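Colleague: Could you walk me through this model and tell me why each label is used?

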Amino acid sequence: QLHTIIDCIPIELSNQSDAILCFKDALMTCSEEWSQHKIINISIDKPLHKSIPINFEYVAIDWIDSSFQGMVYVIDRSNHQINHTFCLDVIAGILDEDPIRIRSKQPIDKSVEDKVINRYKYQWEKYDWTKYIDVI
C-alpha cells in the first residue's frame, strides 16, 4: 500500500490558471454525488496541516508563485476514481501529453541524473516549497 506520493511538476505560468480550473473540475467530476467532502482552498492563513483532519487520505495541489495557493480534497475510501496517478493524468491533459508517457520512469545513468538534478535545483530554487516546511 502506498503511503505518500509527491509529484512536483513545473508548469508554465501561462498554463497555471487553466491548471487550477482543470484540477477543480476533475475533483468535482470524480467526487461522489452524496460525498460530504468538498474542495478546500489552502492559503497562508489556512495551510495544509490545518485544513485536513489527522489520518484522512487526501489529494493536495499546490502553487507556490500564485495568489491562489492551492487546494485539498479529502478522499472517500470508497472512491476508486482518485488513485496515485490522478494528478499526473490531469497534468497530462493540461499539457496535451499522453498520461502513460508522463508516468513512465525510465532508468538513466547516475552521472546524467546528477547533472539533470543539479540543473533542475538551480533553475527552480526560488520555487522550492520545502523551504517553507516547519521543522519540528
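**Helix H2 and the core**

Modeller: Let's start with H2: its buried residues are Phe86, Leu88, Val90, Ile91, Ala92 and Ile94. One caution: this is a predicted model, where local features need pLDDT of at least 70 and side-chain atom pairs need 80 or more, while totals for chains, interfaces and linings use all residues. Numbering starts from 1 along each chain as its sequence is written, and side-chain values use heavy atoms, without hydrogens or water.

Colleague: What makes a residue "buried", and how much of the protein chain counts as buried?

Modeller: Buried means under 20% relative accessible area, exposed means over 50%, and partly exposed is what lies in between (1.4 Å probe, protein chains only). Of the 136 residues of the protein chain, 24% count as buried.

Colleague: And what makes something a helix or a strand?

Modeller: They're DSSP runs numbered from the N terminus: H or I over at least four residues for a helix, E over at least two for a strand. The protein chain comes to four helices and three strands, and from the N terminus on they run α-β-β-β-α-α-α. After H2 comes Asp96, which has a positive phi, near 55°.

Colleague: Why do you speak of a nonpolar core?

Modeller: The term is for a set of buried Ala, Val, Leu, Ile, Met, Phe, Trp, Tyr and Cys residues joined through side-chain atoms within 4.5 Å. The largest such core here has 18 residues, and those with the most contacts inside it are Phe23, Leu27, Ile61, Trp63, Met71, Ile82 and Phe86. At least two residues each come from helix H1 (13-30), strand S2 (58-62), strand S3 (70-74) and helix H2 (86-94). H1 gives the most, with six residues.

Colleague: What does Ile82 touch?

Modeller: A contact means heavy atoms within 4.5 Å. Leaving out residues up to four places away in sequence, Ile82 touches Leu27, Cys30, Val59, Tyr73 and Ile75. Across the protein chain, 61% of the contacts with a separation of 6 or more link residues 24 or more positions apart.

**Rings and charges**

Colleague: Why is the pair of Trp124 and Tyr127 called tilted?

Modeller: Rings of Phe, Tyr and Trp (its six-membered ring) pair if their centres lie within 6.5 Å; planes under 30 degrees apart are stacked, over 60 edge-to-face, and the rest tilted. The search of the whole structure finds two aromatic pairs. In this one the centres are 5.1 Å apart with 50° between the planes, so tilted it is. Trp124 and Tyr127 also form one aromatic cluster with Tyr120.

Colleague: Are those two rings buried or partly exposed?

Modeller: Partly exposed: Trp124 has a relative accessible area of 27%, and Tyr127 has 24%.

Colleague: How do you know that Asp114 and Lys110 form a salt bridge?

Modeller: The rule asks for a side-chain nitrogen of Lys or Arg within 4 Å of a carboxyl oxygen of Asp or Glu. Asp114 and Lys110 have N to O at 3.2 Å, so they qualify. The count comes to one salt bridge.

Colleague: Where do the two partners sit in helix H4?

Modeller: Asp114 and Lys110 are four residues apart there, which means about one helical turn between them. Asp114 is partly exposed at 32% relative accessibility, whereas Lys110 is exposed at 54%.

Colleague: What about Asp128?

Modeller: Asp128 is in the segment after H4 and is partly exposed, at 27%. Its C-alpha is 10.0 Å from that of Cys8, though the two are 120 residues apart along the chain.
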